[in-house]
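Student: Could we go through this model together and ask what lies behind each label it is given?

Tutor: Gladly, let us take the labels one at a time.

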Amino acid sequence: MEAASGSRGKRKAAACDVLPRCGGGGGGKRAAATEERDWTSLHSDITRLIAERLLDEDVTEYIVFRAVCAHWRASTPSPRDPTLADRRFHPRGWVALCDGAGVRPADAEAITFFHASTGKVRRVRLWELHRQRIVGLTDGLLLLLDTGTAIVRVLHPFTRVMVRLPTLAVFFQLVLSKQAWFKMDSFVWLSAAVCVAGPSSIAVVVWFPDMPVVICAEPSSKHWFLLHSCIQFTNTLPFNGRLYGVTRVGRQLVHMLTPSLSLSDQIISRKQEYRGIRGRKQRGR
């Protein structure tokens, strides 16, 4: 009896792992045959097509899909882009549920994420948050400010890829602290966003609540560059790799960074623009 029941159990278990295939038989009778399906051996083109559709919806589903087997991983590109420049792998749609105005205590090492389209919730423990303060969120990427060294980092919360930018300490000492309008509280409560600087690089733009300064840098930069020196923003909107802001004076919409130009070219064009404005003002006097 035990052997018979064991064999029946095996047949039931096997039936769950196969798909029936029906075919015609003699005398109008149908004969059922079974064929095992090895889904890990899907053709590479089909695997890539499924992965692309999952990636369009949610990068976490794409990551789970690639974790199934080595063949699926080999057929699809890794989401661990070391530059974070490929926007396909950004955790778009995921919002960090942080304390206050997007800032968590420096000793917190976990964040709850909410997906705006699907309603999924994920609690992610990130040791990278130790002694860090979140100063921005763009496409699900976290912008962190080291509370001890003033180094800015960009973190992908699901792949754990982190990109480091220059410290703000040098810019603070040499430029900001020497300005008449400098406010320490404004520096502490700075905001930041990620932009696309080129096909293989991101850029981070930083602005301050009560100081008319906008600065930017790339991971390869040795220091931060002055992008705007006479603008304060009331609202900002990262969109499609670009960053837009509404000025406090005049309520004008400003495009902060142009992905088609290199950062150095944009700095030169901004300086020429300001010189032209100052020249017109002086001639008007």
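The conversation below sets values for this predicted model against the cut-offs behind the labels.

Student: Why is H156 called buried?

Tutor: Buried means under 20% relative accessible area. H156 has 1% relative accessibility, so it counts as buried. H156 sits in the loop between strand 8 (151–155) and strand 9 (162–167).

Student: Which residues does H156 touch, leaving out those up to four places away in sequence?

Tutor: With contact taken as heavy atoms within 4.5 Å, H156 touches V59, L84, F89, H90, P91, L141 and V161.

Student: L84 is one of those contacts. What makes the phi of L84 worth a remark?

Tutor: Phi of L84 is near 60°, a positive value in a residue other than glycine. L84 belongs to the loop between helix 4 (70–75) and strand 3 (94–97). Its relative accessible area is 3%, and the limit for buried is under 20%, so L84 is buried.

Student: And is R160 buried, partly exposed or exposed?

Tutor: Partly exposed lies between the 20% and 50% limits. R160 has 33% relative accessibility, so it counts as partly exposed. R160 is in the loop between strand 8 and strand 9, and its phi, near 70°, is also a positive value in a residue other than glycine.

Student: Why is T247 called buried?

Tutor: T247 comes out at 7% relative accessibility, and buried means under 20%, so the label fits. T247 lies in strand 15 (residues 242–247). Beyond residues up to four places away in sequence, T247 touches I231, Q232, F233, T234, Q252 and V254.

Student: How do you know that L137 can belong to a surface patch?

Tutor: Patch residues need over 30% relative accessible area. L137 is at 31% relative accessibility, so it passes that cut-off and counts as partly exposed. L137 is part of strand 6 (residues 132–138). Together with V95, L97, F114 and V121, L137 forms a nonpolar patch with about 380 Å² of accessible area.

Student: What makes strand 10 and strand 13 edge strands?

Tutor: Four strands form an open, antiparallel sheet in the order 10-11-12-13. Strand 10 (191–198) and strand 13 (225–228) each pair on one side only, and that makes them the edges. From one strand to the next, the twist averages 35°.

Student: How do you know that strand 10 and strand 11 pair?

Tutor: Pairing takes at least two bridges. Strand 10 and strand 11 (residues 201–208) share seven bridges in the antiparallel sense, so they count as paired. S191 stands opposite W207 in strand 11.

Key. Residues numbered from 1 in each chain as written. Predicted model: local features only at pLDDT ≥ 70, side-chain atom pairs only at ≥ 80, totals over all residues. Heavy atoms only, no water. Helix = DSSP H or I, 4+ residues; strand = E, 2+ residues; numbered from the N terminus. Axes fitted to C-alpha atoms, helices over the stretch in contact; angles between N-to-C directions. Patch = residues over 30% accessible without salt bridge, like charges linked within 9 Å, V, L, I, M, F, W, Y side chains within 5 Å. Areas by Shrake-Rupley, 256 points an atom, 1.4 Å probe, with all protein chains shown as cover. Salt bridge = Lys/Arg side-chain N within 4 Å of Asp/Glu carboxyl O. Buried < 20%, exposed > 50% of the residue type's maximum accessible area, 1.4 Å probe, protein only.
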